[in-house]
Amino acid sequence: MSIPSLFDQSLTLPVIGAPLFIISHPPLVLAQCMAGIVGSFPALNARPKEQLDEWLAEITETLHAAKLKQPERRIAPFAVNQIIHASNDRLDHDMGLCEKYKVPMLITSLRAPGDVAKQAHGWGGIVFHDVISIRHAEKAIEAGVDGLILVCAGAGGHAGTLSPFALVREVRKFYDGPIALSGSIAHGASILAAQAMGADFAYIGTRFIATQEARAVDAYKDMIVNSNAQDIVYSPLFTGVHGNYLKGSVKNAGLDPDNLPVADKTSMNFGGSAAKAWKDIWGAGQGVGQMDDAPSTAEVVARLQREYRDAAATTHADSARFL
């Protein structure tokens, strides 16, 4: 499997921080990159759209200065998430700014990113695309992407239903390029497990919502820390696409998470609730039960490193008995 040279000697762990709608912003992205994992954010998080220019300038200049100051340090590249859909009327504007700053990596979602991939390749960037099925993976490969992100059961926000054991191996039957795996990964041992299954990177989102740098309200972070897997509800009610959300936030919006109404897609009226998707209904993955605090991003990555190394040593010792 060929890993893009972008990642050579720049990562401390094979981890991509998932772009978190509303939550990811320059302080979180920079903290992730400085800790040695790919930091990312949705372009749509920069509002108004003119703010995207400021964010890209800040991230690009800060990382460049850090690399000049500490050339031996592993500082990861960053990525921008672009929504490839007719409803995103900012796409041309935002892609123009990504080209201006030669953003090293794009993470694309929804439709296959043919034209976007060509544009990114023109300035030397790479493109990884979110997929939840074999059909989506095949279309993304045909569009010329450089890597796939397999969004499996248990991932936060919009997520698929397939087990990673199923989807990774099926994709590997026809694709030998880079794969990032998403779905309840919040521990270093899970990063190692993702690699053992055939993925190259772990794609981690929820763990970074409960960090000091994340742009999430304290109540959101506290709810993640105090929740476990059974506190996650999977529903299409809030955006028209199935996703995983914290039951506590659904209850706070005046709804019964175990008896949700049918969505009115024309008005997005959540059964009479005045709640707003993403602002009041909080996305999270099934890995929340592994999170007991909201430390700095640097501390989260340091823990993941320790857990990853411990798991590698233990797994090697255990597997040696059968080899």
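Here a biologist asks a modeller about the structure shown above.

Biologist: Before we start, what kind of model is this?

Modeller: Residues are numbered from 1 along each chain as its sequence is written, and side-chain values use heavy atoms, with hydrogens and water left out. Local features need pLDDT of at least 70, side-chain atom pairs count only at pLDDT 80 or more, and totals for chains, interfaces and linings use all residues, for this is a predicted model.

Biologist: Good to know! How many helices and strands does the chain have?

Modeller: Helices (H or I, at least four residues) and strands (E, at least two) are DSSP runs, numbered from the N terminus. Counted that way, the chain has 11 helices and 11 strands.

Biologist: Why is the chain called as compact as a globular protein of its length?

Modeller: The radius of gyration is taken over C-alpha atoms, and the globule rule is 2.2 Å times the number of residues to the power 0.38. For 323 residues that rule gives 20 Å, and the chain is as compact as a globular protein of that length because its own value is close to that, at 19 Å.

Biologist: What share of the residues in the chain is buried?

Modeller: Buried means under 20% relative accessible area, exposed over 50%, and partly exposed in between (1.4 Å probe, protein chains only). By that cut-off, the buried part of the 323 residues is 52%.

Biologist: Let us turn to strand β2. Which strand runs parallel to β2, joined by four bridges?

Modeller: Strand β2 covers residues 39-42, where Gly-39 and Phe-41 point one way, Ser-40 and Pro-42 the other, and all are buried. Two strands pair if DSSP finds at least two bridges between them. Gly-39 stands opposite Phe-78, and the parallel partner, at residues 78-84, is β3.

Biologist: Which helix joins β2 and β3 in a β-α-β unit?

Modeller: A crossover is right-handed if, with the strands pointing away from the viewer, the path from the first strand over the helix to the second runs clockwise. The unit made with β2 and β3 is right-handed, and its helix, at residues 51-69, is α2.

Biologist: Which residue forms an aromatic pair with Phe-41?

Modeller: Rings of Phe, Tyr and Trp (its six-membered ring) pair if their centres lie within 6.5 Å; planes under 30 degrees apart count as stacked, over 60 as edge-to-face and the rest as tilted. A search of the whole structure finds six aromatic pairs. One of them is edge-to-face, with 5.4 Å centre to centre and 70° between the planes, and in it the partner of Phe-41 is Trp-55.

Biologist: How many residues apart are Phe-41 and Trp-55?

Modeller: Phe-41 has a relative accessible area of 0%, and Trp-55 counts as buried at 7%. The pair links distant parts of the chain, from strand β2 to helix α2, and the separation is 14 residues.

Biologist: Is the pair of Tyr-220 and Trp-282 stacked or edge-to-face?

Modeller: Both Tyr-220 and Trp-282 are buried. Their ring centres are 4.8 Å apart with 10° between the planes, which makes the pair stacked.

Biologist: Is helix α1 largely enclosed or not, and why?

Modeller: The buried residues of α1 include Pro-26, Leu-28 and Cys-33. Among the elements that cover them are β1, β2, α2 and α11, judged by contact (heavy atoms within 4.5 Å). Because eight of the 10 residues of α1 (residues 26-35) are buried, the helix is largely enclosed.

Biologist: Now strand β9. Which residue in β9 is the bridge partner of Leu-181?

Modeller: In β9 (residues 201-204), Phe-201 and Tyr-203 lie on one side, Ala-202 and Ile-204 on the other, and all are buried. Strand β8 (residues 179-182) pairs with β9 in the parallel sense over three bridges. Across from Leu-181, the partner is Ala-202.

Biologist: Which strand besides β8 pairs with β9 in the parallel sense?

Modeller: Gly-17 has Ile-204 of β9 as its bridge partner. The pairing runs over three bridges, and the strand, at residues 15-17, is β1.

Biologist: Last one! Which strands stand at the edges of the open sheet β7-β11-β10?

Modeller: The pairing in this three-strand sheet is antiparallel. Each edge strand has a single partner, so one side of each is left without a neighbour in the sheet; these strands are β7 and β10.
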